[in-house]
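Visitor: I would like a close look at one part of this model, the salt bridges. Please take them one at a time.

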Amino acid sequence: AAVDRLRAAGHKVGLLRPRLFRPFPADTFRRLLAPVRGVAVIDQNLSIGSGGVLHSELAGALYGQPGAPMLVSFVGGLGGRDIGDDEFAEILRTVATACDSGVPPPPRLMFTDTELREVRKMQAVAHVEREDLEATP
């Protein structure tokens, strides 16, 4: 629905939603994304340090391919949360900026302010626990 609304607003966007992950359809992705300038990869999972799992696999499949599109990693919809129209508009702006600059931004976690506060609390607890573990002989 968000893609339809963005298209109706005049944006050249599309949707590619893989149904299977293994075996990874690298050749299909290469073929379908060949004419594309930029790709927002929206993962509903997180591979710590590298964004989402689909983004990592797709980056590997496109690595070194001439004319490969700019990949921008987003992690959202965690826990089944919907991604709103305002977030899709921001995704579009972020991908356009990355394409224009030639520099992909770091993976972006799409949290509400409340979700971000909760994540930071969990990170603080994990930090304290890690320090406790390191202090234990």
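How many residues apart in helix α5 are lysine 121 and glutamate 118?

Guide: In this predicted model, lysine 121 and glutamate 118 are three residues apart in helix α5 (residues 113-135), a separation of about one helical turn. Their side chains meet in a salt bridge, with an N to O distance of 3.0 Å. Glutamate 118 is partly exposed, at 38% relative accessibility. Elsewhere, salt bridges with shared partners join Glu90, Arg93 and Arg108 into one network.

Within that network, the side chains of arginine 93 and glutamate 90 form a salt bridge of 3.0 Å, N to O. This pair lies in helix α4, three residues apart, and is separated by about one helical turn. Arginine 93 is partly exposed, with a relative accessible area of 48%, and glutamate 90 is also partly exposed, at 32%.

Another salt bridge links the side chains of arginine 5 and aspartate 85, 2.7 Å from N to O. Arginine 5 belongs to helix α1 and aspartate 85 to helix α4, so this pair ties together parts that are 80 residues apart in sequence. Both ends are partly exposed: arginine 5 has a relative accessible area of 44%, and aspartate 85 has 42%. The full count is eight salt bridges.

The helices α1 (2-8) and α4 (85-101) also each supply at least two residues of the lining of the largest pocket. That lining comprises 44 residues, among them nine charged ones.

How values were computed: Residues numbered from 1 in each chain as written. Predicted model: local features only at pLDDT ≥ 70, side-chain atom pairs only at ≥ 80, totals over all residues. Heavy atoms only, no water. 1 Å grid on protein atoms, 1.4 Å probe; cavity = no way out; pocket = protein on both sides within 12 Å on 5 of 7 lines; lining within 4 Å. Helix = DSSP H or I, 4+ residues; strand = E, 2+ residues; numbered from the N terminus. Nonpolar A, V, L, I, M, F, W, Y, C, P; charged D, E, K, R; others polar. Salt bridge = Lys/Arg side-chain N within 4 Å of Asp/Glu carboxyl O. Buried < 20%, exposed > 50% of the residue type's maximum accessible area, 1.4 Å probe, protein only.
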